[in-house]
Amino acid sequence: ALIREVFCGLGYFEVMPFTLTNEEILYKRMQRSERPGVLRVIHPISTENTVVRTDLLPLLLEFLALNRHRELPQRLFTVGDIVDSCLTHQEAAGVSTHPEADFSEAYASADAVLHELSLDYRAEESADPAFIEGRRADIIVDGRKIGVFGEVHPAVLNGFALEHPVAAFEIDLRAVPGYPGTQGTP
């Protein structure tokens with residue numbers, strides 16, 4: 001798919017995080033409020049798999065935490081289904097970590113991906129607590145927020161035990177004209 005080619009062209013490596021995760025990873029460590037409509041596992045077999053993912057970015061940060069010992073820079077992306085209020089749609093997210101990762105890198109990467117997907121967007125000031133104030137922006141397409149990019153907040157980095165800055169972004173692929181994503185129930 002085009003989006004995978006774009007990420008690879010930017011030097012990102014694809015990972016495939018699990019569909020099941022937990023509130024700690026999705027919300028608490030990200031400093032985000034829990035979304036309404038989270039699909040919970042009725043009888044989870046562990047505390048690590050209690051909900052179906054509602055975002056991809058936290059799972060990429062978890063990947064970075066698991067690979068702390070690997071050489072820098074690390075640039076990872078994923079494209080996949082998320083579930084929101086029992087409806088499935090596809091999103092994409094990318095992270096980059098190294099000592100100089102910053103807002104400019106997040107903006108440049110998000111801009112390149114959005115440009116290649118032929119999305120006419122504008123960036124507006126964001127209030128997403130997962131990112132540093134003044135170093136974050138919402139991605140707006142046709143008057144609707146479809147994503148966010150920026151420099152990950154130090155408290156979030158601490159929550160995932162990450163030592164270096166992280167430039168990150170996430171995009172709802174429903175905004176891409178003609179994107180062959182699945183939409184429906186899980």
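A salt bridge is a side-chain nitrogen of Lys or Arg within 4 Å of a carboxyl oxygen of Asp or Glu. In this predicted model, the side chains of Asp 138 and Lys 145 satisfy that criterion, with a separation of 3.5 Å from N to O. The two partners differ in their surroundings: Asp 138 is buried, with a relative accessible area of 13%, whereas Lys 145 is partly exposed at 44% relative accessibility.

This pair leads to the strands of the region. Strand β7 covers residues 131–141 and pairs with β8 in the antiparallel sense, over seven bridges. Within this pairing, Asp 138 stands opposite Val 148 in β8. The two strands form a hairpin with two residues between them. One residue of the turn, Asp 142, has a positive phi of about 50°.

Strand β8 itself spans residues 144–152 and is mostly covered, since seven of its nine residues are buried. Besides pairing with β7, β8 is joined by five bridges to strand β9, residues 166–172, and these two strands also run antiparallel. Here Glu 151 stands opposite Ala 167 in β9.

The salt bridge between Asp 138 and Lys 145 can now be set beside others, for a search of the whole structure finds 14 salt bridges. Among them is the contact between the side chains of Glu 14 and Arg 4, at 2.8 Å from N to O. Glu 14 belongs to strand β1 (residues 13–14) and Arg 4 to helix α1 (residues 2–9), so this pair ties together parts that are ten residues apart in sequence. Glu 14 counts as partly exposed at 33% relative accessibility, and Arg 4 likewise counts as partly exposed, at 27%.

A further salt bridge links Asp 55 with Arg 35, whose closest N and O atoms are 2.8 Å apart. Asp 55 lies in the loop between β3 (51–52) and α3 (57–66), while Arg 35 lies in the loop between α2 (23–28) and β3; the pair therefore ties together parts that are 20 residues apart in sequence. Asp 55 has a relative accessible area of 5%, and because buried means under 20%, this residue is buried. Arg 35, by contrast, is partly exposed, with a relative accessible area of 24%.

Salt bridges in this model also occur in a linked arrangement: Glu 23, Glu 34 and Arg 40 are connected in a network of them.

How values were computed:
Residues numbered from 1 in each chain as written. Predicted model: local features only at pLDDT ≥ 70, side-chain atom pairs only at ≥ 80, totals over all residues. Heavy atoms only, no water. Buried < 20%, exposed > 50% of the residue type's maximum accessible area, 1.4 Å probe, protein only. Helix = DSSP H or I, 4+ residues; strand = E, 2+ residues; numbered from the N terminus. Pairing = 2+ DSSP bridges.
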